[in-house]
Amino acid sequence: MTQQILIAVIVLGLIGAFFAVVLYFVAQKFKVVEDPLIDEVAEVLPGANCGGCGKAGCRAFAEACVAQGNMDGLRCAPGGEPVAAKIAELLGCAVMQGDPQVAVVRCNPSFCGDKRRANYDGLTSCSFAATVFVGESGCAFGCLGCGDCVAACQFDAIRMNPQTHTPEVDEAKCTACGACVKACPRRIIELRNKGRNNRRVFVSCVNKEKGAAARKTCENACIGCSKCEKVCPVSAITVADSLSYIDFTKCIACRKCVPECPTKAIRDVNFPTPAKKAEPKPTPEALGEPKTELKVEPVAVPQPEPAKA
Amino acid sequence: MKTFKMGGVHPEENKISNDAAIQVVPVSAQMVVLMNQHLGAPATPVVQKGDKVKVGQLIGEAQTFMCANVHSPVSGTVLKIEPVKDAFGLLKPAVHITVEGDEWMDTIDRTPDIKRQCDLEPAAIVSKLKEMGIVGLGGATFPAHIKYSVPEGKKAEYLIINAAECEPYLTSDYRVMMEHAEEVCIGVSILRKALGVPNAYIGIESNKPQAIAKMQEMARQFEGIVIEPLKVKYPQGAEKQLINAVTGRKVPSGKLPIDVGCVVSNLGTAFAVYEAIQKNKPLIENILTVTGKKLPTQHNCLVRIGTTYNDIIKHTIGELPATTGKVISGGTMMGKAVVNLDAPTVKGNSSVLVMDGDEARRNPEMACIRCGKCMNACPMGLEPYLFSALVKAGRTEEVQQNNILDCIECGCCFFSCPANKPLTDEIRLGKNRVRAMMAAKK
């Protein structure tokens, strides 16, 4: 009995030793030499594999960073500045500065659920619906409402509003990876600078039809009247193909254009309540002040709440 | 009786407008003529605002290879040249014409006499097809002059005319056969001459016995026209299926019919060819079926291209029933729902199909039960359920490797699916993605 056990142990031991030797040589022969820095960089990245950087995933981004030796032209949107700083430290290069951005939906539909014009019941996919017809809204440029952008978002930052059938971006969650921008067949979503205190002014329309036709399509369509272009103090607004566009790098968020727009196609977000709107502070010099003003306001709001509780 | 070998379905035929003779719909006060009524690039407008045009005058010229001429269907003044929303709401370049009188070009022979003799050489026939803006009227609107210019090194052996009219509801080809059999046969003879083939085969499904009898009687008077009665099966009228049904040949994946020596044209095209070659009349009219189960009357009508859907409805059935769910351009299998009834009709339109609210709805989608019905139904031998899964997963390369581009979008898979999965939609999306991927690689 003991002899049998002994034989088994010896035989298995010898087989094990043999394969260990084989594996050792094979491992030496096919050794993959990889820069350990890649692992370190990949460790720092968020690991969402969103593809917003244009690479296949976070590891591919890390490889690109290490291969390049610096971060020129490489940007991890979800990681933002802290991650960029960490990678730069690992690589020993300067940090690339960029303004934080956010996805902006440039469609402001005047139709609601009860105004559906086509009763489309085909495949729930914008990229398919775009090839079949104009969309429920009747606008050949506007949102199709099937939610390709929602499906593309890795961060749950974009949701479909059931009332308006258009997507809404959650600014807190949006990392500006640009997945929704690529997913939208109508190119409605744009990455724009977040702006000071998240305050942004943008034309919420991409309709290039001529004025009357655009107005017929949608009450909130840009009709290309150029009123906003004339009133802009910093020439940030250009009108081409009956469509106005605000260059976010030039815009100073003075909001002079907002009341000018006859169709309310220009939207301002995250500005103080209308009561404050009356206060004249449109000049670039005055812009420094509201910053402190607004900071007081959000603090002032939560304070009464604990008092009530 | 002959038919194609693989797949196919037999939807309810519903040829309820069979007995309605072709009626002429009057010209509207204003006409909009789209510049891309054909497969390929839009034609370039050659008229300007304020120009006077006559019926049949060239208003859009083909300036690229894959393009067809567009002619004015009415006489009047050009109001403007501006994009207009087509039947699906998408903006398309167009010429707007205010109608004044009905003055035709002098070259057009408007007499009712039938001219049998055609002395033109094959090359002259093809160039005249181009001049007259003839496109395939089976639905794809492929420019005819390209189809009949056989590339060097290839030889046409068969000319096949598609009179199968396998789509449910449609009866326009049937009415053309019943009322214009002689003209159709002359048109077929001209096309046969253009290709230099010994025989032309006209495939007609056996659910049209009167048309078969009439065409057989007429074909006896012509040389080299053979009538092929076919077993009723959808999609018999699809190019590759019709070739398989008539000749037994199979077009390999990624190849064209001419690679197996076949050229296929629609019956409506043959009629248009007769009018273009023998009567000098460009393609300015459509024969449409206006039908629907709940409509009080059924119609087949001759309309000028550019008449809006609303005008056609007004002059035929009066007004849409209140319960209308969808208006479809084309048959129930491959047709598309019209979202803009103010849109003009274009070359290749074959019907205005009014579906009632209930029959227009799709049933709710359920999970795939792996029954394989879609595979059995597919006339191209593809695996629709697989495409559905791969397209959903975004695996475009695998979709391409499984020959998605062979799909003819006939809708048999969706029709046969007991779980009501929108298989054809998913495949179309997959095809678009594959084409985009191929374009990006170039």
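The following questions and answers concern chain B of a predicted model and its contact with chain A. Local features need pLDDT of at least 70 and side-chain atom pairs count only at pLDDT 80 or more, while totals for chains, interfaces and linings use all residues. Residues are numbered from 1 along each chain as its sequence is written, and chains are lettered from A in the order in which they are written.

Student: In the open sheet with the order β13-β12-β11-β14 (chain B), which are the edge strands?
Tutor: Helices (H or I, at least four residues) and strands (E, at least two) are DSSP runs, numbered from the N terminus. Two strands pair if DSSP finds at least two bridges between them, and in this sheet of 4 strands the pairing is parallel. The strands that pair on one side only are β13 (225-230) and β14 (262-266) of chain B.

Student: Which residue of β13(B) stands opposite B:Tyr201?
Tutor: Strand β12 (residues 200-205) of chain B runs parallel to β13(B), joined by 6 bridges. The residue opposite B:Tyr201 is B:Val226.

Student: At what angle does α5(B) run to β13(B)?
Tutor: Axes are lines fitted to C-alpha atoms, for helices over the stretch in contact, and angles run from 0 to 180 degrees between N-to-C directions. Helix α5(B) lies across β12 and β13 of chain B. Its angle to β13(B) is about 165°.

Student: How is the packing of α3(B) against α5(B) classed by angle?
Tutor: Helix α3 (residues 172-179) and helix α5 (residues 209-219) of chain B have axes 9 Å apart, at an angle of about 40°. Angles under 35 degrees count as roughly parallel, over 145 as roughly antiparallel, 65 to 115 as roughly perpendicular and the rest as oblique. The angle therefore makes α3(B), relative to α5(B), oblique.

Student: Which residues of α5(B) make the contact with α3(B)?
Tutor: Two residues are in contact if their C-beta atoms, placed from the backbone, lie within 7 Å. From α3(B) come B:Tyr174, B:Met177 and B:Met178. From α5(B) come B:Gln210, B:Ala211, B:Lys214 and B:Met215.

Student: Why is one side of β2 and of β4 of chain B without a neighbour in the sheet?
Tutor: The 4 strands are ordered β2-β10-β7-β4 in an open antiparallel sheet of chain B. Strand β4(B) is joined to β7 (residues 76-81) by 2 bridges, and B:Lys52 stands opposite B:Thr77. One side of β2 (30-34) and of β4 (52-53) is left free because each stands at an edge, with a single partner strand.

Student: Which residue in the turn between β17(B) and β18(B) has a positive phi?
Tutor: Strand β17(B) is joined to β18 (residues 336-337) of chain B by 2 bridges, in the antiparallel sense. B:Ile328 stands opposite B:Ala337. The two strands form a hairpin with 6 residues between them, and the residue with a phi of about 105° is B:Gly330.

Student: How far apart are the centres of domain 1 and domain 2 of chain B?
Tutor: The bounds, from an automatic or database domain assignment, are 122-279 for domain 1 and 373-441 for domain 2. Their contact takes 6 residues from domain 1 and 6 residues from domain 2. Taken over C-alpha atoms, the centres are separated by 28 Å.

Student: Which helix gives the most to the side of chain B that touches chain A?
Tutor: The contact takes 14 residues from chain B and 14 residues from chain A. With 5 residues, the helix that gives the most to the side of chain B is α14 (residues 423-441).
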